[in-house]
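Biologist: Please take a close look at the nonpolar core of this model and set it in the context of the whole chain. Which residues and elements build the core, and what surrounds them?

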Amino acid sequence: ILGFIVELVEEPNLVNREADFVSIDLDSLDLVEVAQMIEEEFSVKLEFEDVKDMKILGDVIDLVVNRSK
């Protein structure tokens, strides 16, 4: 998942589980793209509503892991 996000941001060295969306300049359109990549790669469907209140990348990763079980 972090690999997908690294492709979208200008400063990939800032991408880690603790990174918040603002600090890596990840906007809502980027989140939609990440959700599509996650669905294609992991067969886990994420709606914007699922991630709209999340603040850090680790939250998204945890959600994907929990839904893939």
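Modeller: For a chain of 69 residues, a compact globule would have a radius of gyration near 11 Å, and the chain, a predicted model, agrees with this because its own value is 11 Å. Along the principal axes, the C-alpha atoms fill a box of roughly 30 × 20 × 20 Å. The chain holds four helices and zero strands, so that the order from the N terminus is α-α-α-α. Of the contacts with a separation of 6 or more, 50% join residues 24 or more positions apart.

Buried residues make up 35% of the 69 in the chain. The largest nonpolar core comprises 21 residues, and those with the most contacts inside it are Ile5, Ile24, Leu26, Ile38, Leu46 and Leu57. Helices H1, H2 and H4 each contribute at least two residues to this core, and H2 gives the largest share, with five.

Helix H4 spans residues 57-67, and its buried residues are Leu57, Gly58, Val60, Ile61, Leu63 and Val64. In an α-helix there are 3.6 residues a turn, so residues three or four places apart point the same way. The cover over the buried residues of H4 includes helix H1 (2-8), helix H2 (28-42) and helix H3 (48-51).

Leucine 46, one of the core residues with the most contacts, touches H4 residues directly. Leaving aside neighbours within four places in sequence, leucine 46 is in contact with Ala35, Ile38, Val51, Val60, Leu63, Val64 and Arg67. Among these partners, Val60, Leu63 and Val64 are buried residues of H4.

Leucine 31 offers a second view from helix H2, where it is placed. Its relative accessible area is 12%, and leucine 31 therefore counts as buried, the cut-off being under 20%. Apart from neighbours within four places in sequence, leucine 31 is in contact with Phe21, Leu26 and Val51. Val51 is also a partner of leucine 46, while Leu26 belongs to the core residues with the most contacts. Leucine 31 and valine 64 are 33 residues apart along the chain, and their C-alpha atoms are separated by 13 Å.

As for the surface, the chain exposes about 4,500 Å², of which carbon and sulfur atoms supply 49%. The side chains include 6 positive and 18 negative ones, and the centres of these two sets lie 10 Å apart.

Methods. Residues are numbered from 1 along each chain as its sequence is written. This is a predicted model: local features need pLDDT of at least 70, side-chain atom pairs count only at pLDDT 80 or more; totals for chains, interfaces and linings use all residues. Side-chain values use heavy atoms; hydrogens and water are left out. The radius of gyration is taken over C-alpha atoms; the globule rule is 2.2 Å times the number of residues to the power 0.38. Buried means under 20% relative accessible area, exposed over 50%, partly exposed in between (1.4 Å probe, protein chains only). Contact means heavy atoms within 4.5 Å. Accessible areas come from the Shrake-Rupley method with a 1.4 Å probe; for residues, only the protein chains shown count as cover. Lys and Arg count as positive and Asp and Glu as negative; His and the chain ends are not counted. The place of a charge is taken as NZ of Lys, CZ of Arg, CG of Asp or CD of Glu. A nonpolar core is a set of buried Ala, Val, Leu, Ile, Met, Phe, Trp, Tyr and Cys residues joined through side-chain atoms within 4.5 Å.
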